[in-house]
Amino acid sequence: MTGHTDKYHSCEDASEYLVPLLNERDVFNTEVYTMGMTLHGGSIDFGRYDVVVLNINQVVWDEDVKSDFEKYVSSGGGLVVMHEADNAFPEWGEFNRMIGLGGWGDRDKSAGPYYYWKDGGFLKDFESSGPCGWHGQRVPFMINVRQPMHPIMKGLPSAWLHVNDELYGNLRGPVENMEVLATGFSDERTGGTGKEEPVSFTVAYGNGRVFHCVLGHTSKGDNVALKNVGYQLVYVRGVEWAATGEVTIELPESLPSAESALQRELLCD
Ligand code: ZN
């Protein structure tokens, strides 16, 4: 689902890349649903899909669309949330339970704790006040895998360099039934939070599987973050996992490493 985001991002540029990334793989049949600012009841039948990928932000869904969507995910539907889609719907409690953590949209301490990796484990900080949603400069950072045996991460390097992206931090949310697959260090020296922030995680919402990846900043004419091979693999495997609970997409021979990032163009470019 695409069609409306915010002044910092381009859902058109993101979709131009995110959809072909799926179409390159023979496991997916994709349909692009382009919405305007508002989605009215009866516009979309979520039940037709194994997984819904959200590439939207400042949109308005009617209450019956929201309740249809809650039923769709809780009864076993898949959901994938990319980058600024976790800024959406700050007021919708069930959506925030689905996505685990969200940012911006006037969220504050009442949205839930900060959640990050520290001293070998994850820490919920209910005490600190402060902003919800932050990123520093778009400097290279390391992605550190925390669940190497999860189907989405299996076989990927234990750490790899990711470039040209925003590293979201200081997100807040309900953090229910959530498993963080990978974190990234947000360096204070380049305007970051100083924390090892969750970058990819899963949430169990009823019988539904949610995959949330905070990576993938795309603005008009700038989709370079999406060209990271590590990001692409986590994305397509995350979509398959959210749809089926399994991952059949194999890894290529060339992978990024802790020493060097790896980028590629689409096969169809
Ligand atoms: Zn962004």
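Which residue's side chain meets that of Glu63 in a salt bridge? The legends below start with that pair, and the model they describe is predicted.

**Close-up 1. The salt bridge of Glu63 and Lys66 within helix 2.** The side chain of Glu63 meets that of Lys66, with an N to O distance of 3.7 Å. Both residues belong to helix 2, which covers residues 63-74. They are three residues apart, about one turn of the helix. Glu63 has a relative accessible area of 59% and is therefore exposed, the cut-off being over 50%. Lys66 is buried, because its relative accessibility is 7% and buried means under 20%.

**Close-up 2. The salt bridge of Asp222 and Arg138.** The side chains of these two residues meet at 2.9 Å, N to O. The pair links distant parts of the chain, 84 residues apart. Asp222 sits in the loop between strand 11 (208-213) and helix 4 (229-244). Arg138 sits in the loop between strand 6 (121-125) and strand 7 (141-145). With a relative accessible area of 19%, Asp222 is buried. Arg138, at 31% relative accessibility, counts as partly exposed.

**Close-up 3. The salt bridge of Glu196 and Arg146.** The closest N and O atoms of Glu196 and Arg146 are 3.4 Å apart. This pair, too, links distant parts of the chain, with the two positions 50 residues apart in numbering. Glu196 is in strand 10 (residues 196-205), whereas Arg146 is in the loop between strand 7 and strand 8 (159-162). Glu196 is buried, its relative accessible area being 12%. Arg146 counts as partly exposed at 23% relative accessibility.

**Close-up 4. The network of Glu63, Lys66 and Glu91.** Glu63, Lys66 and Glu91 are joined into one network by salt bridges that share partners. The Glu63 and Lys66 pair of the opening view, at 3.7 Å from N to O, is one of the salt bridges in the model, for which the count comes to 11.

**Close-up 5. The surroundings of Pro252 in the segment after helix 4.** Pro252 is placed in the segment that follows helix 4. Its relative accessibility is 37%, so Pro252 counts as partly exposed, a class that lies between the 20% and 50% cut-offs. Leu156 is 96 residues from Pro252 along the chain. The C-alpha atoms of Leu156 and Pro252 are separated by 10.0 Å.

How values were computed. Residues are numbered from 1 along each chain as its sequence is written. This is a predicted model: local features need pLDDT of at least 70, side-chain atom pairs count only at pLDDT 80 or more; totals for chains, interfaces and linings use all residues. Side-chain values use heavy atoms; hydrogens and water are left out. A salt bridge is a side-chain nitrogen of Lys or Arg within 4 Å of a carboxyl oxygen of Asp or Glu. Helices (H or I, at least four residues) and strands (E, at least two) are DSSP runs, numbered from the N terminus. Buried means under 20% relative accessible area, exposed over 50%, partly exposed in between (1.4 Å probe, protein chains only).
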